Amino acid sequence: MCGRYANTKSGEELGRYFVADEVDEVRLSPSWNIAPTQRIHVVVDTVPKDLAGSGADAPVTRRVTTARWSLVPRFQKELASKYPTFNARSETAAEKPTFRSSVVRSRALVPADGYYEWLTVGKIKTPYFVTDPEEGELAFAGLYSWWRPPVAAGSDGAEGIEPEPWVLTATILTRAAAGPAARIHDRIPVMLPRAEWDTWLDPTIAGDHALVQHAVAASQTVIERLAVHEVAPLRGDGPELIAPLNPL
């Protein structure tokens, strides 16, 4: 699983790295301790609504924007969920009602400097920080969904009643662990190499279980080159959180 990660790059920096056409003006402070339900940067590709799913050659716009980290499907009545949705298992995402429609055409990348995982031995949990020393940036395969509260019965279109704004929400796909990080935990985020970004983000491709599994297989090249180091217990927020202690 991935329940804490770091991202210190600005939207503009991420826009250059991911070759985005647009960068939203919403600014997030650098953070070395991002937690579920906080605002995060995501990268998405979109096409005009009238061409989505048409199969026609549609202009695709790549955009860096922000989302709430914990996906909420449109059918859910409340923003808070009874179960965690900040991660989605790649093995079942295409069939679970919470994530199924997002797999089809609402796929994202979640940028990260690195992420944390905890090695559990008995009752002792030791945190580690995981990075890609070759690229210096990770691109988690993610999903997104737009959500807003249901309109109260009888109030739809009522004079003076404004609908609640839409909230963009997102999740990070996970897979069975492999590579150096497998010594810490049995799950790991799906991390995509640059060559796979376009396919994963393309909203003109109807995603399914096979596409998710293709992303999982493609992530192996990134996973094998990851670097892992022990860090101090996570308290507060700052660059000291990723300072190495004892090498694994």
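What percentage of the 248 residues of the chain count as buried? The figure is 47%, where buried stands for under 20% relative accessible area, exposed for over 50%, and partly exposed for what lies in between, with a 1.4 Å probe and protein chains only.

Before going on, I should say that this is a predicted model, in which local features need pLDDT of at least 70 and side-chain atom pairs count only at pLDDT 80 or more, while totals for chains, interfaces and linings use all residues. Residues are numbered from 1 along each chain as its sequence is written, and side-chain values use heavy atoms, with hydrogens and water left out.

The chain holds five helices and 13 strands, these being DSSP runs numbered from the N terminus, with H or I over at least four residues for helices and E over at least two for strands. If we take contact to mean heavy atoms within 4.5 Å, then, among the contacts in the chain with a separation of 6 or more, 74% come from residues 24 or more positions apart.

Let me turn to one sheet, which is open, has five strands in the order 3-1-8-9-13, and pairs in antiparallel fashion; two strands pair if DSSP finds at least two bridges between them. At its edges we find strand 3 (31-34) and strand 13 (227-230), each of which pairs on one side only. Strand 1, residues 5-7, runs antiparallel to strand 3 and is joined to it by two bridges, and Tyr-5 has Ile-34 of strand 3 as its bridge partner.

After strand 3, in the loop that leads to strand 4 (39-46), sits Thr-37, which has a positive phi of about 80 degrees although it is not a glycine; it counts as partly exposed because its relative accessibility is 44%. Val-19, in the loop between helix 1 (11-17) and strand 2 (22-23), is also not a glycine, and its phi is positive at about 55 degrees. With 60% relative accessibility, Val-19 counts as exposed.

Where, finally, is Thr-85 found? Thr-85 belongs to the loop between strand 5 (61-69) and strand 6 (87-89), and it counts as buried because its relative accessibility is 3%. The side chain of Thr-85 reaches the backbone oxygen of Leu-71 at 2.8 Å. Once neighbours within four places in sequence are set aside, Thr-85 is in contact with Ser-70, Leu-71, Thr-98, Phe-99, Ala-170 and Thr-171.

Definitions and conventions. A polar contact is a pair of N or O atoms within 3.5 Å; within protein, one must be able to donate a hydrogen and the other to accept it, and residues adjacent in sequence count only if both atoms are side-chain atoms.
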